[in-house]
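Trainee: Could you take me through one part of this model in detail? I would like to see how a single loop residue sits among its neighbours, and then how the aromatic rings are arranged.

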Amino acid sequence: MLSHDDKVKLTHTDDSEELWKLVRDSSPDVSLRASINKNLTEDMAVFLAKKKNTSSELLEILAADGRFKGSYKLKLTLCKNPKTPLKVVLSLLKFLRIFDLGDLTKNQNIPINIRQKVEYSLIEKIASLPSGVKVAMTKRASPNIIIALLEKGDRNLICSCLESPLMTEDYLCTVINKPGSSPLVIKTIAEHARWSLRYRIRYALARNYHTPMILVTKFINTLRTADLRELYSDRSLPSSTRPYIFNELVLRDESVEIPQEERYNLSEDEDSGFTDTEI
């Protein structure tokens, strides 16, 4: 077995096989010395950039190596390595393709400050992205990007976001409870075959002004009595929804006080989605 000193001497070798052995060596010092070998190839540089024990110093050297200035593989690999210095990563991000940037946002091995930087960059670009790219991004990017796509999308894009494996009830409840969420987003969630069956989603939708009334009445019938009482006492609840909650509580033989200043006159045709409320 070669000693450390022997390995260091070999770092100037012209033999490709020997150089590969040194590149794969577990010693950071040997890897560092091997990186300056004039015969170092792009594949060797990428291998070094992937190694967990490669030092930040060597990663910075590889990023600045003029021999690999045009290497996309090396740039991407350096951005994926959590030990690559922040200033190096930030200088390389502008060279990466949109889908690779999306992949970076959900890579938990990458420091959160870098992921957030990439997310901000992508969110700024969403409006200018082709429709097909936006749809593809719903499968490639982080939940924050998917939420941004959802909030700015047409019906097709919204549906793609709702089908994303990264979408969760928590994220959707946040969207539903957000004052600025568009009527189209709310309506699409309310009509979704899977998400509209979730209890928390139904509760949130029942409180939202943009949920179609025919669906609100359907959701109300499935909510627990305690939650209906909570909704009924919520002053932010749409005035058109309150009579239906009152009616459902009465049907359940629950005592509920109607404010003296309000008198409900429920239309028999609930499909119309309108309620007459006299004050």
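Mentor: Happily; we will start at the loop residue, move to the helix beside it, and end with the rings. Keep in mind that this is a predicted model.

Our loop residue is Ser142, and you will find it between helix H10 (131-137) and helix H11 (143-151). Ser142 counts as buried because its relative accessible area is 2%, against a cut-off of under 20%. Setting aside the residues within four places in sequence, the contacts of Ser142 are Gly102, Thr105, Lys106, Glu119 and Leu166. With Glu119 there is also a polar contact, side chain to side chain, of 2.6 Å.

Two of those contacts, Gly102 and Thr105, bring us to helix H8, where both are among the buried residues. H8 covers residues 98-105, and six of its eight residues are buried, so the helix is largely enclosed by the rest of the structure. Besides Gly102 and Thr105, the buried residues are Ile98, Asp100, Leu101 and Leu104. Which elements do the covering? They include helix H6 (72-80), helix H9 (112-125), H10 and H11. So the loop that holds Ser142 runs between two of the helices that help cover H8, because H10 and H11 flank that loop and both belong to the cover, around a helix that is largely enclosed.

Now for the rings. The model has two aromatic pairs. One is formed by Trp20 and Phe47, edge-to-face, with 5.8 Å from centre to centre and 85° between the planes. Trp20 belongs to helix H2 (residues 16-23) and Phe47 to helix H4 (residues 42-50), so this pair ties together parts that are 27 residues apart in sequence. Both rings belong to partly exposed residues: the relative accessible area is 21% for Trp20 and 30% for Phe47.

The other pair is Tyr232 with Phe246; the ring centres are 6.1 Å apart and the planes meet at 35°, so the pair is tilted. Here Tyr232 comes from helix H17 (residues 225-232) and Phe246 from helix H18 (residues 242-251), so the parts tied together are 14 residues apart in sequence. Tyr232 and Phe246 are both buried, whereas Trp20 and Phe47 are partly exposed.

Finally, look at the charges over rings. Phe47 has Arg24 over its face, 5.8 Å from the ring centre. Over the face of Tyr72 lies Arg97, at 3.9 Å from the ring centre.

How values were computed
Residues numbered from 1 in each chain as written. Predicted model: local features only at pLDDT ≥ 70, side-chain atom pairs only at ≥ 80, totals over all residues. Heavy atoms only, no water. Helix = DSSP H or I, 4+ residues; strand = E, 2+ residues; numbered from the N terminus. Buried < 20%, exposed > 50% of the residue type's maximum accessible area, 1.4 Å probe, protein only. Polar contact = N/O pair within 3.5 Å; in protein donor to acceptor, adjacent residues only side chain to side chain. Contact = heavy atoms within 4.5 Å. Phe/Tyr/Trp six-rings, centres within 6.5 Å; stacked < 30°, edge-to-face > 60°. Lys NZ or Arg CZ within 6 Å of the ring centre and 35° of its normal.
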